[in-house]
Protein chains: 2
Amino acid sequence: MERQILAWLRATFRPRPPLLIGIGDDAAVLRPSGEGLVLTSDAVVDGVHFETARHDWSGIGHKSIAVNFSDLAAMGATPVCVLVTLILPARTTLSDVQRLYAGIEPLCARWGASIAGGDTNFYSGPLAIAVTAVGELPREESAWRLDRAQAGDAILVSGSFGGSILGKHLNFEPRCDLAQALAGRFPVHAATDVSDGLALNLNAILTASGCGAELDLNSVPIAPAARELAEREPASGSAVEHALYDGEDFELILTVGSNAAEEILADQALARNLTRIGRVTAERGLWAVPEDGSRYLLPIRGYSHGPAANLS
Amino acid sequence: MERQILAWLRATFRPRPPLLIGIGDDAAVLRPSGEGLVLTSDAVVDGVHFETARHDWSGIGHKSIAVNFSDLAAMGATPVCVLVTLILPARTTLSDVQRLYAGIEPLCARWGASIAGGDTNFYSGPLAIAVTAVGELPREESAWRLDRAQAGDAILVSGSFGGSILGKHLNFEPRCDLAQALAGRFPVHAATDVSDGLALNLNAILTASGCGAELDLNSVPIAPAARELAEREPASGSAVEHALYDGEDFELILTVGSNAAEEILADQALARNLTRIGRVTAERGLWAVPEDGSRYLLPIRGYSHGPAANLS
C-alpha cells in the first residue's frame, strides 16, 4: 500500500517553481527567490481537529493545509510548498489517500504551491496529518511578528468571528489573499491568525508586544454562525461572546499605525475584507470600551485545543 | 500541559543563524544563504520505528531527527533547522517531552541546526513524531539526486551494513560529516541513504538512473551486528545477506566517476569512512560478480517499513 501510494503521488504531483526537485528523491530542493522563507508545521488529528466518522477526507485534507497557510498569511508570506506526512490507520486505502489529496491539491494549486514531499506511515492509531508549509516574503519585507504592536496602532481583523464549529472550522479559506495584498505595500506592525479565539490570539500579540488594547465590541464582526449558536443555545453565551472566545476562525488580526489604517481602509477591495475593531494602548489589558465612556476588562480565555503559536 | 510544554520550549531553544525567528511566533523565518534549500519530512511512530515500552524517549527523539538528517546528507546538504510536531498520548508529561528533546537537541546542536518550531498535540493514539528538516547546499553545488548515476561510476558506501535491529536502528549518527566533506569538493553523481536496505536503496538509484550495477560482495562492509545475527539465527540468512537486505543502516550510497573515486579514496580521512563495493553498468540489474568470473543476479528486496524515498 505504501508503494502504491508513493507511485500515485510521484505520478500526480510535479514541482512548481521555485521548487526544483519534488516528490521521489531523498528530499525536495527549493531555490528561494524572496527575502526570507517562512516555515510552519501544524498537525490535525482525528478526534481533536476533525472526526473521520463524520467528516469527508477531502475536507480533512483541505483543513490540514489551510491551518498551515493561515500561519503563513499571519506572517505576511505567500505559500511556496508543503510537505505532507500521513500517519494512517492500518485500514486506509489508496482511494482514502486520494480523497485527502482532493482537498490538499486544489488549495495548493490556488497559491501556486508545490506538494514537495512528506512521508507515509501506517500504524495502529487514528488518522493524523502533519504538514509543514513553506512560504516566501516579498523582497524587502520583514515577517509580521507577534511582538511588534505599538501603542496607537489600529487593530484590523479580516472576516467575521464565532461559531466556527458549525462548519467553518473545516471549510475555511486561509487569508493568503489579504497577506499578499498587504505585504510589501503597507507597514503591518504585528499580526497573527485566530485559531484559539479572537480574544486569546489578540492577547498573544499584546502580551508579546508589552501593550494592551481597547476594543469597540459593537464593531467586532459577528459571524452568522455565532448568532445562530447564541440563539439556539443561549447558555453557551451571547453572539459577541462566541465571536470573542470561539476558536478556529482562521481570520487575521493585524495592527498597523493609524495613518496606514486609513490608507488601507480607503482601498475598497481591502476595506471589504477588513474591519477596525479597536486600538492598541500602552496600558496593559484587553478593555471593552462601550460608547457611554465606561470601560471594563475582558476576560482572556479561548478555545483549548488550537495552539496559537508556533510550537504551542 | 500544552502551555507548559510551549513555555519550556520557548525558554529553552533559541534560533541559530540563518534562522531569524524561531519558536513562539506563528511561524519561523529563515534567511537562506546557500544556493538551494533541501527539505525533508520523516515521521517515527510507536510500534513501527520504535517501541515506547522498550526504548528511552531520548533515543526516540534522537532517531526522529537522525532519520531526517540522513536524508539531508543523502542530498549533500548540511542541516539548518528542524520543525518538530509531537503527537502525544494523553498521559504524556512535560518530563517525557524533555526526555525527547534530550535526544533531539544535541544532534541539532552538533550541526548548528535550530529547533525552528513545530506543533504539539495530545490524542488517544500512540506516540508519533513528525519532523521536517531543512538543509543548505554549498554554493555552486547541486543536490545529489537519485537519477544521475552513470555507467562506469564507482559505487561507494559509508560505514558497514546489516543487523541494525540489534541497536543501530535507534542509535546511529547520520552521515552529515561525509556529506559536508564531499559536497562542493567532489563531483558526486547520485546518492541516497540506506533506510530499506543496501540492495533496495542502491536499486532505487539504478532504476531512477536507467542503469545496473556489479557488486563485489567480498568488499561489502559487514557490520559486527550482521555477523552476530547470522551466527545466532542461521535461518535468518548469512552475514552478507543481512548486510544487503536489512534496513535502517542509515549509511550513504554514492556513485562517482572512477577518477573522482580514486581522488576520494586517496584522502585518508575520507577513505576511512568509505568503501568501494562495485560499479555502475549500462546493463540493468544488480549483479554479484565473484572473483571466479561467474556472475549472478541478486534478488531485490529489503526492509518493509522504512521508506526509501521522499514521500514513500
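Which residue stands opposite Ala213(A) in E11(A)? That residue is Val280(A), and the rest of the sheet around this pair is a good place to start.

A few ground rules help here. This is a predicted model in which local features need pLDDT of at least 70 and side-chain atom pairs count only at pLDDT 80 or more, while totals for chains, interfaces and linings use all residues. Residues are numbered from 1 along each chain as its sequence is written, chains are lettered from A and ligands numbered from 1 in the order in which they are written, and side-chain values use heavy atoms, with hydrogens and water left out.

**The sheet in chain A**

Strands here are DSSP runs of E with at least two residues, helices are runs of H or I with at least four, and both are numbered from the N terminus. Two strands pair if DSSP finds at least two bridges between them. Chain A has an open sheet of 7 strands with mixed pairing, in the order E8-E10-E7-E11-E9-E12-E13. E8 (188-193) and E13 (296-297) stand at the edges with a single partner strand each, so one side of each has no neighbour in the sheet.

Here are some of the pairings:

| Strands | Sense | Bridges | A facing pair |
|---|---|---|---|
| E7(A) (154-158) and E11(A) (274-281) | antiparallel | 5 bridges | Ile155(A) and Gly278(A) |
| E9(A) (212-215) and E11(A) | antiparallel | 4 bridges | Ala213(A) and Val280(A) |
| E8(A) and E10(A) (252-256) | antiparallel | 5 bridges | Ala190(A) and Thr255(A) |

**Where the chains meet**

Now for the interface: 71 residues of chain B are in contact with 71 residues of chain A, contact meaning heavy atoms within 4.5 Å. About 5,300 Å² is buried between the two chains, with carbon and sulfur atoms giving 58%; buried area is the accessible area (1.4 Å probe) that two parts lose on being put together, summed over both. The count of salt bridges between chain B and chain A is 0, taking a side-chain nitrogen of Lys or Arg within 4 Å of a carboxyl oxygen of Asp or Glu. On chain B's side, elements giving two or more residues include helix H1 (2-12) and helix H2 (57-74), but the largest share, 9 residues, comes from E5(B).

**Cysteines**

How many disulfides does the structure hold? The count is 0 over all chains, with a disulfide being a pair of cysteine sulfur atoms within 2.5 Å. For Cys81(B), the closest cysteine sulfur is in Cys108(B), 9.1 Å away and too far for a bond. Cys81(B) is buried at 0% relative accessible area, and Cys211(B) also counts as buried at 9% (buried is under 20%, exposed over 50%, partly exposed in between; 1.4 Å probe, protein chains only).
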